[in-house]
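Trainee: Could we go through this model together, with a few questions on its fold and its backbone?

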Amino acid sequence: MSMWVGALEFDLLLGDVQSLKEKRSLVRPLIAEVRKRFEVSVAEVDHLHLHRRAGVGVAVVSPDRAHLVEILDSVERLVAYRPEMELLSVRRTVRTTED
């Protein structure tokens, strides 16, 4: 038996945000939407004390590579098209348990 594991690491620049409270008001809904829409694990993982930057990580497990890549592509598109934040970079990792 093998399974595929994928991850995305997003580095985001937030718009006109003046405090960590305002940051949370943007990042939490994004995390909730990604989690609900795609049923993946997602969390804020970097830049926790900066109010205009956010690092968000996503992890997915799938029985086949094609499905995994489809989910990762969809999550990336959703994050990239958020008008209140700019996607500075994304790092993608795709592995099989047989690696």
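What follows is a short exchange on the sheet, a helix and two backbone angles.

Mentor: This is a predicted model, in which local features need pLDDT of at least 70 and side-chain atom pairs count only at pLDDT 80 or more, while totals for chains, interfaces and linings use all residues. Residues are numbered from 1 along each chain as its sequence is written, and side-chain values use heavy atoms, with hydrogens and water left out.

Trainee: In what order do the four strands form the open sheet?

Mentor: Strands here are DSSP runs of E with at least two residues, numbered from the N terminus, as are helices (H or I, at least four residues), and two strands pair if DSSP finds at least two bridges between them. Strand 2 (41-46) and strand 4 (85-96) each have a single partner strand, so they stand at the edges. The pairing is antiparallel, and the order is 2-3-1-4.

Trainee: At about what angle does helix 2 run to strand 1?

Mentor: Axes are lines fitted to C-alpha atoms, for helices over the stretch in contact (heavy atoms within 4.5 Å), and angles run from 0 to 180 degrees between N-to-C directions. Helix 2 (residues 65-80) lies across strand 1, strand 3 and strand 4, and its angle to strand 1 is about 10°.

Trainee: Which residue in the loop between helix 1 and strand 2 has a positive phi although it is not a glycine?

Mentor: The residue in question has a phi of about 55°, and it is exposed (over 50% relative accessible area; buried is under 20%, partly exposed in between, with a 1.4 Å probe and protein chains only), at 73%. The residue found in that loop is Glu39.
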